[in-house]
Amino acid sequence: MLKLQMARDLAPVKASRWAPVAVNSLALAVLVSACGDKAQPAADKASAPVAAAAASGPKASLTVQVVRAQSQDWPRSLSAHGAIAPWQEAVIGAELNGIRLQEVNVNVGDVVRKGQVLAVLKPESVQADLQASRASLAEAQALLAEAKANSERARTLSQSDAISAQEAQRSLTSEQTAAARVEALRAQVLTHELRAAQTRITAPDDGVISARQATLGATVQAGQELFRLIRQSRLEWRAEVAAADVALLKPGMPVNLTVPGGIAAGVPGRVRMIAPTVDATTRNGLVYVDLNASAAQAAGLRPGVFASGVFETGRSAALTVPQSAVLLRDGFSQVFAVKDRKVQQLKVQVGRRVGDRIEILQGLTPDAELVATGAGFLVDGDTVNVVKP
C-alpha cells in the first residue's frame with residue numbers, strides 16, 4: 001500500500017517535468033513543415049533545366065568533326081618481291097694448263113678497268129717455246145730463199161734444154177714445200193705469242209671483282225675459274241610477279257625499291273625485260289629491273305639482298321579519306337558514318353595509301369559524312385555532337 005501511494009504521488013511530478021519537452025518537439029515539427037513547403041518550389045525550379053535537357057534528347061558521347069570522301073587521281077601500283085643480282089657476271093679463268101700463278105693483283109671488291117692485269121702466270125716455259133718457234137721460222141725462211149733461187153735457175157735452164165723437165169719440176173716442188181713450211185712455222189709462232197699473252201690474265205670489261213679463287217703459287221688448269229667480275233658494276237632486281245599481274249607490266253615502266261636498312265627515298269629503277277615463261281612451281285614470272293647505279297651504291301645494295309619494290313602501272317581515280325578516319329577493329333577496316341547525330345559503324349575495303357590519305361575500294365558512298373578523329377572511342381549507335389573543322 002505504501003509503494004502504490006508513492007507511485008501516485010510521483011506521477012504528477014514526472015508529467016510536469018517532461019511537458020516542456022513535448023511542447024518543444026511539437027513546435028519544431030510545425031516549423032520544419034512550414035520550411036519544407038517553402039523550399040519545394042525552389043528545388044523544382046533548380047531541376048527544371050536538367051529535366052528540359054533530358055527531354056531534348058540523349059546525352060552525346062563525344063564531340064567530333066566530320067569529313068567527306070574525296071575523289072583524287074592517284075597512281076596505280078603493283079608490289080613485288082625479289083633478289084638483287086648482278087646485271088651480267090663474267091667468269092675469268094686460265095687458258096693455259098700446268099703453269100703456276102706468279103702474281104695475283106686484285107681481291108674481292110676491287111674496281112677494275114678493261115684490260116687491267118689481274119694475275120700473271122710464270123712465263124718462262126712459254127717464252128722458251130716462242131723463241132724456239134721463231135728460230136724454226138727463220139730457218140724455214142732461209143730454206144725457202146734457197147728453194148726459190150734453185151727454182152728460178154731451173155726455169156732458165158729448162159728453156160735451153162740444159163736440164164730435164166723432171167729436174168725442173170723437182171726444183172719447183174722444193175720451193176713450194178719450203179713456202180708451206182714457212183707458213184706453218186709462222187702459225188706456230190703466232191700460237192706461242194698468244195700463249196705468252198695468256199700468261200697475263202686481264203679484265204674483259206670494267207667492273208668490280210665479286211669472287212676470287214686464285215691463289216698465289218698454285219698450278220692452274222685450262223678453264224679453271226680464277227675470278228668473277230660484275231660487268232660495269234651494274235645490278236638488277238629480279239622481281240617475282242604473279243602470272244596474272246605480269247600482263248600489266250611493260251619494258252620501260254618505272255620502279256621504286258624499298259631496301260631494308262637502306263636509304264629512305266628508295267632506289268629507282270626501270271623495267272628492262274620480262275621473262276617469256278612462268279615458273280611451273282611458283283606460278284610467278286621474273287621481271288628484270290635495271291637499277292640506278294649511283295642510288296644502288298648509296299643504298300649499299302649487294303647481290304643476294306632481298307628487296308621489295310613497287311611498279312607504277314598508270315593512274316586512276318580513287319575515293320580517299322584521311323587515314324585517321326579508318327579504324328582497324330576485329331581484323332576489319334571500319335569507319336563511322338554520322339547521320340542525325342548518330343554514328344553507324346561501316347566495314348570498308350581499303351586500297352592504296354598516299355601520304356596521310358587512304359583509298360576506299362568498297363563499303364562507302366561518296367556523300368557519307370565520317371568521323372574524322374577519335375573513332376576508337378565510339379561504338380555503333382552512339383550519339384555525338386558535330387562541330388565544324
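Two strands are said to pair if DSSP finds at least two bridges between them. With that in mind, I begin with strand β5 in this predicted model. β5 and strand β8, residues 207–212, pair in the antiparallel sense over two bridges. Within that pairing, V112 has G207 of β8 as its bridge partner.

These two strands belong to an open sheet of four strands, ordered β3-β10-β8-β5, with antiparallel pairing. Its edges are formed by β3 (89–93) and β5 (111–112); each has a single partner strand, so one side of each is left without a neighbour in the sheet.

A second open sheet also consists of four strands, in the order β7-β6-β4-β9, and here too the pairing is antiparallel. The edge strands are β7, at 200–202, and β9, at 219–220, each of which pairs on one side only. Inside this sheet, strand β4 (residues 99–104) is joined to strand β6 (residues 117–121) by three bridges, and the two run antiparallel. As a point of reference on the structure, E103 stands opposite V120 in β6.

Strand β4 leads us to helix α2. This helix covers residues 124–159, which makes 36 residues. From its first C-alpha to its last it reaches 53 Å, close to the 52 Å expected at 1.5 Å a residue. Which residues of α2 are buried? They are V126, L130, S133, L137, A140, L144, A147, S151 and A154. The cover over these buried residues includes β4 and also α3, residues 165–197.

I turn next to strand β1, which has partners of both senses. With strand β21, residues 384–387, strand β1 (residues 62–68) pairs in the parallel sense over four bridges. In that pairing, T63 stands opposite N385 in β21. With strand β20, residues 369–371, β1 is joined by three bridges, and these strands run antiparallel. There, R68 stands opposite E369 in β20.

Two loop residues deserve attention for their backbone geometry. Most residues other than glycine have a negative phi. Q232, however, has a phi near 60°, a positive value. Q232 is found in the loop between β10 (225–231) and β11 (235–242). R283 likewise has a positive phi, near 60°, and this residue lies in the loop between β13 (267–278) and β14 (284–291).

Are these two residues buried, partly exposed or exposed? Q232 has a relative accessible area of 38% and is therefore partly exposed, since that class lies between the limits of 20% and 50%. R283 has a relative accessible area of 55%, which means that it is exposed.

My last residue is Q334, located in strand β17, residues 332–339. Why does Q334 count as buried? Its relative accessibility is 2%, and buried means under 20%. What does Q334 contact, leaving aside its neighbours within four places in sequence? On one stretch of the chain the contacts are A325, V326, L327 and R329; the others are Q345, L346, K347 and V348.

To close, I return to two places worth locating on the structure: β5, an edge strand with a single partner, and Q334, a buried residue in the model. Thank you.

Notes. Residues numbered from 1 in each chain as written. Predicted model: local features only at pLDDT ≥ 70, side-chain atom pairs only at ≥ 80, totals over all residues. Heavy atoms only, no water. Buried < 20%, exposed > 50% of the residue type's maximum accessible area, 1.4 Å probe, protein only. Contact = heavy atoms within 4.5 Å. Expected span 1.5 Å × (residues − 1).
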